[in-house]
Structure formats: structure tokens, C-alpha cells
Amino acid sequence: MASAEVGVLATVNLGLSTTQASNVQRALAARWLYSGGIDGQLGPESWKAMQRFLKANRGHTDPIDGIVGPDTIRALQRYLKQFYGYTGPIDGVAGAGTQAAFKRAAGYCPYACLLP
């Protein structure tokens, strides 16, 4: 049970640098989805905000729980495919292509990323 608790509390930046992750947090905060600190660590509160964004815009259907599971990744992949050149499958696996597209998106934040 302790390992599950650690997983929930873990930071999941999906390959983003702290600067890029801070950009994502700023973009989420600008959309009133995130009110936590801008620390470059995409923890559960950052991911809850991202899940709220993805639920409203990209078909996220799982609970808003801050856990980066396959449904969160599939919704993120749909978003990245539409706006940031992701060309891989919508498979819920945050592989190299997903991470590269997420980095591209984070490079445009907080000004252009997280389009509706």
C-alpha cells in the first residue's frame, strides 16, 4: 500500500524540464484551472488541473485524481496531435513521441499552449 501512496505523490514531468513544466503550470493557472505553486514539478495538483483541461477539451473520461494513467495520456495525445505535431498512436503510452510533442507544447506556454 505504501508504494501506491508514493506513486500518487510523485512528480510526473513526462520529460519536461522544470522550466517547461513551470510554463505548463502557468498556462493552467491562467485558465483558472490551477492554483498551486509554480515550481516546475508536475505533481498531483498540476495533473488534476491538466485533467480538468483535457476533460473539457479532449475527451478525458477518468476521474480527476491527479494520477497520470492511460486515459490522461490518451487525452493528452489527442491534444498534442491536433496542435503540436504528435504523429504516434493514441495509445495511452507516454513514449518518446508523446514526450517530444509535450516539450513542444511546453515551449509555447504560457502564451499559446492549452488552446481550447
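## Starting with contact

Two residues are in contact here when they have heavy atoms within 4.5 Å of each other. Keep that in mind as you look at the structure, which is a predicted model.

Let's try the idea out on A75, a residue in helix α4, which covers residues 70-83. Which residues is A75 in contact with, leaving aside its neighbours within four places in sequence? They are L54, R58 and H60. A75 has a relative accessibility of 0%, so it counts as buried, the cut-off being under 20%. You can also look from A75 to D91, 16 residues apart along the chain: their C-alpha atoms are separated by 9.6 Å.

## D71, also in α4

Stay in helix α4 and find D71. Is D71 buried or exposed? It's buried, because its relative accessibility is 6% and the limit for buried is under 20%. Setting aside neighbours within four places in sequence, D71 is in contact with G59, H60, T61 and D62. H60 may ring a bell, since it is also in contact with A75.

## Where α2 meets α5

Now for a pair of helices. Helix α2 takes in residues 18-30 and helix α5 residues 96-108; they pack at an angle of about 65°, and their axes are 8 Å apart. The crossing of these two helices is left-handed.

Who does the touching? On the α2 side you'll find Q20, N23 and V24, and these meet F102, K103 and A106 of α5. Sorted by class, the contact has three nonpolar residues, two polar ones and one charged one.

## The nonpolar core

The largest nonpolar core has 24 residues. Which of them touch the most other members? That would be L28, M50, L76, L80 and F102. Four helices, namely α2, α3 (44-57), α4 and α5, each supply at least two residues of this core.

L28 and M50 come up again when you look at L33, which sits in the loop between α2 and α3. Although L33 is in a loop, its relative accessibility of 18% makes it count as buried, because the cut-off is under 20%. Apart from neighbours within four places in sequence, L33 is in contact with L28, A49, R52 and F53. As for M50, it is 17 residues from L33 along the chain, and the C-alpha atoms of the two are separated by 7.7 Å.

## Rings that pair up

The model has four aromatic pairs. One of them is W47 with F102: the pair is tilted, at 6.1 Å centre to centre and with 40° between the planes. W47 belongs to helix α3 and F102 to helix α5, so this pair ties together parts that are 55 residues apart in sequence. Both W47 and F102 are buried.

F53 and Y79 form another pair, and this one is edge-to-face, with 5.4 Å centre to centre and 85° between the planes. Why does the pair tie together parts 26 residues apart in sequence? Because F53 lies in helix α3 while Y79 lies in helix α4. F53 is buried, with a relative accessible area of 1%, and Y79 is buried too, at 2% relative accessibility. Look around these two and you'll see a cluster: ring pairs link F53, Y79, F83 and Y84.

Definitions and conventions:
Residues numbered from 1 in each chain as written. Predicted model: local features only at pLDDT ≥ 70, side-chain atom pairs only at ≥ 80, totals over all residues. Heavy atoms only, no water. Axes fitted to C-alpha atoms, helices over the stretch in contact; angles between N-to-C directions. Left-handed = near helix turned anticlockwise from the far one by under 90°. Nonpolar A, V, L, I, M, F, W, Y, C, P; charged D, E, K, R; others polar. Buried < 20%, exposed > 50% of the residue type's maximum accessible area, 1.4 Å probe, protein only. Core = buried A, V, L, I, M, F, W, Y, C linked by side-chain atoms within 4.5 Å. Phe/Tyr/Trp six-rings, centres within 6.5 Å; stacked < 30°, edge-to-face > 60°.
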